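Let's walk through this fold with a few quick questions. Have a look first, then read on.

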Amino acid sequence: MSARRVVLTTVADTQALGLALGRLLAPGDLVVLTGGLGAGKTTLTQGLGEGLGVRGPVTSPTFVIARVHPSLVGGPPLVHVDAYRLGGALELDDLDLDADVASSVTVVEWGHGLAEDLSEDRLEVVLDVDTASEVRTATVTGVGGRWATAAAGDALATLGGTP
């Protein structure tokens with residue numbers, strides 16, 4: 001397991017982290033985003049979509065639960081899910097995301113405790129915000145064999161921050 005901790009002082013920093021993540025991701029990758037309301041989950045996903053080169057705009061799928069953004073550059077589509085309104089793992093399973101996981105990059109906001117069974121390999125991104133300063137901290141942790149290699153650790157190091 002490899003992890004990076006990145007301080008994000010502006011919205012642009014959060015989008016830039018997403019952009020850098022998007023450039024690291026490949027078909028079959030799962031990203032589980034955790035953080036409170038306003039922590040920057042959708043902002044990070046907007047940058048991620050830009051890094052993947054998908055059709056946008058990437059907006060919060062809170063009311064539609066899931067959106068698919070096709071690639072404009074021949075890469076994988078982005079499946080963007082908001083699990084906030086889901087009652088549990090069974091409702092997430094009803095979305096049949098596992099059918100898309102192998103060929104897409106799947107991002108699940110509010111996915112902690114629900115989405116881990118979609119893939120043994122995933123990136124867990126926890127966004128914390130200091131409400132007084134509005135400074136965010138992202139902790140990006142690679143889980144599973146895909147993220148356990150030295151090459152994956154080197155790739156995550158390109159995100160900046162500290163181990």
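A charge sits over a ring if NZ of Lys or CZ of Arg is within 6 Å of the ring centre and within 35 degrees of the ring normal. Keep in mind that this is a predicted model, where local features need pLDDT of at least 70, side-chain atom pairs count only at pLDDT 80 or more, and totals for chains, interfaces and linings use all residues. Residues are numbered from 1 along each chain as its sequence is written, and side-chain values use heavy atoms, leaving out hydrogens and water.

Q: Which residue lies over the face of Trp147?
A: Look for a charge placed by the rule above. The distance from the ring centre is 4.1 Å. The residue over that face is Arg146.

Q: Which residues, leaving aside neighbours within four places in sequence, is Leu25 in contact with?
A: Contact means heavy atoms within 4.5 Å. With those neighbours set aside, the partners of Leu25 are Val31, Leu48, Leu52, Val105, Leu123, Arg146 and Trp147.

Q: What is the order of the seven strands in the open sheet?
A: Strands (E, at least two residues) are DSSP runs, numbered from the N terminus, and two of them pair if DSSP finds at least two bridges between them. Pairing in this sheet is mixed. The order is E1-E7-E6-E2-E5-E4-E3.

Q: Why is one side of E1 and of E3 left without a neighbour in the sheet?
A: E3 covers 66–69. Both strands stand at the edges, so each has just a single partner strand.

Q: What is the bridge partner of Leu30 in E5?
A: E2 and E5 run parallel, joined by four bridges. For Leu30, the partner in E5 is Thr106.
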